Amino acid sequence: MSGFFRRVGAMMRKEFLQLLRDRVSFATMIMIPLTQLILFGYAINTTPRHLPTAVLAYENTSLTRSILAAIENTKYFSITHHPASATEAEHLMRAGDVLFVVEIPAGFERAMRRGESPAMLVAADATDPVASGSALATLRSLVDAAVKRERFAVEGGPRGSGQEAAPPPFEIITHARYNPAAVTQLNIVPGLLGTILTMTMLIFTALSVTREIERGTMETLLAMPIRPVEVMLGKIAPYVLVGAGQAAMIIIAGIFLFQVPVVGSLGLLTALTTLFIVTNLSIGYTFSTLAQNQLQAVQMTFMYFLPNILLSGFMFPFDGMPRWAQWVSETLPLTHYLRMVRGILLKGAGVHDLANDIVALAAIMLVAMLIAVKRFRQTLD
């Protein structure tokens, strides 16, 4: 019996020593729970506040200023843009720079003082119902109170004199755009397109070089008169077609099974999806040059995929995250692709609206390719 425990103990020591030598696996055991704790504890917020808002005010009066102050006091809205025209406001919403556009028409204050009950328009980007729903729910009562206070202050009406029971002196017209029925599938299905492509493309290429090493075919590959960049492009190219097939399958299923609209250009969506696929393949190829075996490659892939899915805006509202988490997410390809695919499918966004995200995604792709080629050169040496 003592021999049994001695042999088991020896195997335990052997496994611990092997684990300590495998630094990637050891680091993964520590970093995955730590990353989840930090992201869920600090970055994830299901009740987003300080949402970017544009104000299109055709008059600058004390009443207008009171309304805007009341809006910001809710903590749900943060006025970040003052567009000069309705066209500019439309561009800001299609580009995803703002989630709300508050429009105060000319003559609003004069009409209210005459008792005409003027209307104020609040347009909301409802592609993510979670981000816009709670903010819109608080808007009416708080702005209503601000307008009443302003009217009482100007007219000298006493508070508590019975005027509070009078009909509201204004009307708020809310317009939930792009997803007026708040259908969750219209937000989830386009997000799944980016998420599935990220997961599969990373895994496919993360195993490419390590598989060559483990199978003993790397020596044959190194003996060939081929450059590192040619090796990388040759390995990536087949998976571009695989990713394109996956994307087509998801989009077709989304259209026919979930009634996801295609408002924008399918040609633009195809081009940007190809860019996104190549970006993830380049990142996965970089992981394959860093890993010593296929297990390490999968672990690196999972470590990278975790912040992508949590910080990109797929599971939780992007604008509800703290500023530092938003900065981190701007370095992730999925963040930019989700804006592009939702913008094209649901908003009809064009190249001009998505220019910033296109440039950012292209930059990430170039950096990943440069690192991959450099790392592969070191592998050759």
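**View 1. Lys75 in the loop between H3 and S2, a partly exposed residue of this predicted model.**
Lys75 has a relative accessibility of 43%, so it counts as partly exposed, given that this class runs between 20% and 50%. The residue is found in the loop that links H3 to S2. Check the backbone here: phi of Lys75 is near 70°, a positive value in a residue that isn't glycine. For background, most residues other than glycine have a negative phi.

**View 2. Gln259, in the loop between H10 and H11.**
Here's another positive phi in a residue other than glycine: for Gln259 the angle is near 55°. Gln259 sits in the loop with helix H10 (228-258) on one side and helix H11 (266-290) on the other. With a relative accessible area of 55%, Gln259 is exposed, because the cut-off for that label is over 50%.

**View 3. An open sheet of five strands.**
Read across the sheet and you get the order S2-S1-S3-S4-S5, with mixed pairing. Strand S2 (77-81) and strand S5 (171-177) are the edges, each pairing on one side only. From one strand to the next, the twist averages 30°.

**View 4. Helix H3 packed on the sheet.**
Helix H3 (residues 62-73) touches S1, S2, strand S3 (100-104) and strand S4 (119-125). Its direction makes about 120° with that of S2. The loop after H3, on the way to S2, is where Lys75 is found.

**View 5. The pairing of S1 and S2.**
Strand S1 (residues 51-57) and S2 run parallel, joined by four bridges. If you want one spot to zoom in on, Thr53 stands opposite Ile79 in S2. On its other side S2 has no partner, as it is an edge strand of the sheet.

**View 6. A nonpolar patch on the surface.**
Eight names to pick out here: Ile30, Met31, Leu34, Leu37, Ile38, Trp324, Trp327 and Val328 form the patch. Together they have about 780 Å² of accessible area. Helix H2 (23-43) and helix H13 (323-329) each supply at least two of its residues. H2 gives the most, with five residues.

**View 7. Met31, one of the patch residues, in helix H2.**
Zooming in on the patch, Met31 lies in helix H2, the helix that gives the most residues to the patch. Its relative accessibility is 36%, so Met31 counts as partly exposed. That value also fits the patch rule, because members need over 30% relative accessible area.

Terms used. Residues are numbered from 1 along each chain as its sequence is written. This is a predicted model: local features need pLDDT of at least 70, side-chain atom pairs count only at pLDDT 80 or more; totals for chains, interfaces and linings use all residues. Side-chain values use heavy atoms; hydrogens and water are left out. Patches are made of residues with over 30% relative accessible area and no salt bridge: like charges are joined within 9 Å, nonpolar side chains (Val, Leu, Ile, Met, Phe, Trp, Tyr) within 5 Å. Accessible areas come from the Shrake-Rupley method with a 1.4 Å probe; for residues, only the protein chains shown count as cover. A salt bridge is a side-chain nitrogen of Lys or Arg within 4 Å of a carboxyl oxygen of Asp or Glu. Buried means under 20% relative accessible area, exposed over 50%, partly exposed in between (1.4 Å probe, protein chains only). Two strands pair if DSSP finds at least two bridges between them. Axes are lines fitted to C-alpha atoms, for helices over the stretch in contact, and angles run from 0 to 180 degrees between N-to-C directions. Contact means heavy atoms within 4.5 Å.
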